[in-house]
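Work through the exercises below with the sequence and the structure open side by side. Each task is followed by a solution in steps.

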Amino acid sequence: MPTSNRTHSIPTLAVILTGIVVFALGLVASLRAAPPTRVHAQDDTGASCTQPSDQGCPIDYNTPVQAALNDSATTHNWLIAVPPGVDLNVTLTDLSGNYELLVYGPEPDFPLLGQSDNPDLQDETIAATNVGTGTYWITIDSPSGDASDAPYTLLVQPVMQTPALVGTPEPVPTAGPTPAPFKVYGTPVARPILPY
């Protein structure tokens with residue numbers, strides 16, 4: 001009897017192992033075919049932030065974020081910490097509606113630094129000048145009432161400011177004396193070359 005139980009358990013074990021391998025291969029293939037899309041950002045505590053957000057979702061430089069503006073009555077707000085001497089290049093791509101991009105400076109006044117409202121599905125880009133250290137607001141909405149479940153992509157890139165010149169630059173000389181032409185003094189004399 002023990003021999004017959006072994007003969008039945010070996011095929012069952014082979015079927016179970018084959019099923020596990022097939023499941024694992026299918027899982028790996030599905031992860032490769034559809035990489036995860038970042039639809040939210042995380043703050044310093046690791047808590048996720050989902051749009052729309054009245055308080056704004058923090059984002060990092062050179063890290064694209066995605067969200068779907070699926071309700072035309074809402075506004076998406078993103079936050080970026082701007083250090084001294086860094087300008088911003090803000091780009092909104094993968095649009096599925098006519099969206100508007102706005103960048104505001106830091107507290108207390110939140111000055112409007114740039115607005116991009118290109119027609120149709122054209123990308124929106126703003127080059128914003130640093131007006132002070134602090135948290136800048138990036139707002140995305142659709143004044144034309146477009147909405148979609150397809151996510152847009154937002155990317156903020158830092159641009160280092162060129163240091164200003166200190167003092168007064170040297171004046172550029174206008175017209176100066178004309179150099180004298182080259183003159184040959186004396187008559188050239190041919191001399192034989194002697195070996196050492």
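**Exercise 1. Find how strand S7 (residues 100–104) is joined to strand S10 (residues 134–141), and place the pair in its sheet.**

Step 1. In this predicted model, S7 and S10 run antiparallel and are joined by five bridges.

Step 2. To fix the register, take Leu102: the residue opposite it in S10 is Thr139.

Step 3. The pair belongs to an open sheet of five strands, ordered S3-S5-S10-S7-S8, in which the pairing is mixed. At the edges lie strand S3 (57–58) and strand S8 (112–116), each of which pairs on one side only.

**Exercise 2. Work out the order of the four-stranded sheet and name its edge strands.**

Step 1. Start with strand S6 (residues 86–93) and strand S11 (residues 152–160): eight bridges join them, and they run antiparallel.

Step 2. Look for a further partner of S6. Strand S9 (residues 124–128) is joined to S6 by five bridges, again antiparallel.

Step 3. Look for a further partner of S11. Strand S4 (residues 65–67) runs antiparallel to S11, with three bridges between them. Within this pairing, Ala67 has Tyr152 as its bridge partner.

Step 4. Put the pairings together: the sheet is open, has the order S4-S11-S6-S9, and its pairing is antiparallel. S4 and S9 are the edge strands, since each pairs on one side only. From one strand to the next, the twist averages 20°.

**Exercise 3. Trace the bridge partners of Val90 and Leu92, then explain why Thr91 counts as buried.**

Step 1. Val90 stands opposite Ile126 in S9, while its bridge partner in S11 is Val156.

Step 2. For Leu92, the partner in S9 is Glu124 and the partner in S11 is Leu154.

Step 3. Thr91 is also found in strand S6. Leaving aside neighbours within four places in sequence, Thr91 is in contact with Glu124, Thr125, Thr153, Leu154 and Leu155.

Step 4. The relative accessible area of Thr91 is 17%. The cut-off for buried is under 20%, so Thr91 counts as buried.

Step 5. Check the rest of the strand: S6 is mostly covered, with six of its eight residues buried.

**Exercise 4. Describe the largest nonpolar core and follow Leu154 through its contacts.**

Step 1. The largest nonpolar core contains 24 residues. Trp78, Leu88, Ile138, Tyr152 and Leu154 have the most contacts inside it.

Step 2. Ask which elements supply the core. Two or more residues come from each of S4, strand S5 (76–82), S6, S7, S9, S10 and S11.

Step 3. Take Leu154 as a worked case. Beyond four places in sequence, its contacts include Trp78, Val90, Leu92, Leu101, Ile138 and Ile140. Thr91 is also among them, as are Ile59, Thr63, Pro64 and Val65.

Step 4. For background, in soluble globular proteins nonpolar side chains tend to be buried together.

**Exercise 5. Locate the disulfide and give its handedness.**

Step 1. The count comes to one disulfide. It joins Cys49 to Cys57, with an S to S distance of 2.0 Å.

Step 2. The angle about the S-S bond is -80°, and the link of Cys49 and Cys57 is left-handed.

Step 3. Cys49 and Cys57 are both buried.

**Exercise 6. Summarise the protein chain and state where confidence in the model is lowest and highest.**

Step 1. The protein chain has one helix and eleven strands. Along the sequence, the pattern is α-β-β-β-β-β-β-β-β-β-β-β.

Step 2. The chain has 196 residues, of which 26% count as buried. Among its contacts with a separation of 6 or more, 69% are between residues 24 or more positions apart.

Step 3. The mean pLDDT of the chain is 76, and 58% of the residues reach 70 or more. Confidence is lowest in strand S1 (residues 41–42), with a mean of 42, and highest in S7, at 96.

Step 4. Over residues 27–46 the pLDDT stays under 50; for this stretch the model has 22 contacts beyond four places in sequence.

Key. Residues are numbered from 1 along each chain as its sequence is written. This is a predicted model: local features need pLDDT of at least 70, side-chain atom pairs count only at pLDDT 80 or more; totals for chains, interfaces and linings use all residues. Side-chain values use heavy atoms; hydrogens and water are left out. A disulfide is a pair of cysteine sulfur atoms within 2.5 Å. Buried means under 20% relative accessible area, exposed over 50%, partly exposed in between (1.4 Å probe, protein chains only). Two strands pair if DSSP finds at least two bridges between them. Contact means heavy atoms within 4.5 Å. Axes are lines fitted to C-alpha atoms, for helices over the stretch in contact, and angles run from 0 to 180 degrees between N-to-C directions. A nonpolar core is a set of buried Ala, Val, Leu, Ile, Met, Phe, Trp, Tyr and Cys residues joined through side-chain atoms within 4.5 Å. pLDDT is the predictor's confidence in each residue, from 0 to 100.
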